[in-house]
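Good morning, and thank you for making time for this presentation. I should like to take you through a structure that is new to this group.

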Amino acid sequence: MKKRIVGLSVTVVFGLSSIIGVNLVNTGHISLENALGVVQAKAAGISGAVKINGTSYKWSETSWGKNRGMTFNPGSHVYQFSPNPHNDPWYNKNQTKFYKSAASQIEEQGSEGKWTKDSWSSQIKVNINGIDYTLAPR
């Protein structure tokens, strides 16, 4: 019974979003901002912000089953880590540090490489906790 009620409430929220013209992203977490009366999507997982070549980007952890990546906006730059971070036991207890370290290294590389909103590297290399990771577009 609870599953049906939850499903119904999500359906109603999505129905309301189309009526009031709000786009909801696929994050799995939705809240209603009572003070403003607007529907707002909240990113699941770990997120932050960086400035690359003068442009401010919001980043978030991205998940595909058991593998992970990062998404940067504006520009919808979606990258997947290789190897899988879950292979490192340190990652499982230090995920926030992991993503902040990756974001910091990406910020540095992007600024040095003069990346723009529409032009990012096709392959990004970072080193976190002594492990070399490659981020490739997904």
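**The sheet, the helix and the core**

Let us begin with the sheet: in this predicted model, six strands make up an open sheet, ordered β3-β4-β5-β6-β8-β7, with antiparallel pairing. The edges are taken by β3, residues 47-52, and β7, residues 124-128; each has a single partner strand, so one side of each is left without a neighbour in the sheet. From one strand to the next, the twist averages 30°.

Allow me to turn to one pair of strands. Strand β4, residues 55-64, and strand β5, residues 67-73, are joined in the antiparallel sense over seven bridges. Here Lys58 stands opposite Asn73 in β5.

What packs on the sheet? Helix α3, residues 95-112, does so, touching β3, β4, β5, β6 (77-82), β7 and β8 (131-137). The direction of α3 makes about 140° with that of β7.

I come now to the nonpolar core. The largest one comprises 22 residues, and those with the most contacts inside it are Met70, Phe81, Ile106 and Trp120. At least two residues of this core are supplied by each of β3, β4, β5, β6, α3, β7 and β8. Its largest share comes from α3, with five residues.

Finally, please look at Phe81. Which residues is Phe81 in contact with, leaving aside its neighbours within four places in sequence? They are Asn67, Arg68, Gly69, Met70, Phe98, Tyr99, Ala102, Val126, Tyr133, Thr134 and Leu135.

Notes. Residues are numbered from 1 along each chain as its sequence is written. This is a predicted model: local features need pLDDT of at least 70, side-chain atom pairs count only at pLDDT 80 or more; totals for chains, interfaces and linings use all residues. Side-chain values use heavy atoms; hydrogens and water are left out. Two strands pair if DSSP finds at least two bridges between them. Helices (H or I, at least four residues) and strands (E, at least two) are DSSP runs, numbered from the N terminus. Axes are lines fitted to C-alpha atoms, for helices over the stretch in contact, and angles run from 0 to 180 degrees between N-to-C directions. Contact means heavy atoms within 4.5 Å. A nonpolar core is a set of buried Ala, Val, Leu, Ile, Met, Phe, Trp, Tyr and Cys residues joined through side-chain atoms within 4.5 Å. Buried means under 20% relative accessible area, exposed over 50%, partly exposed in between (1.4 Å probe, protein chains only).
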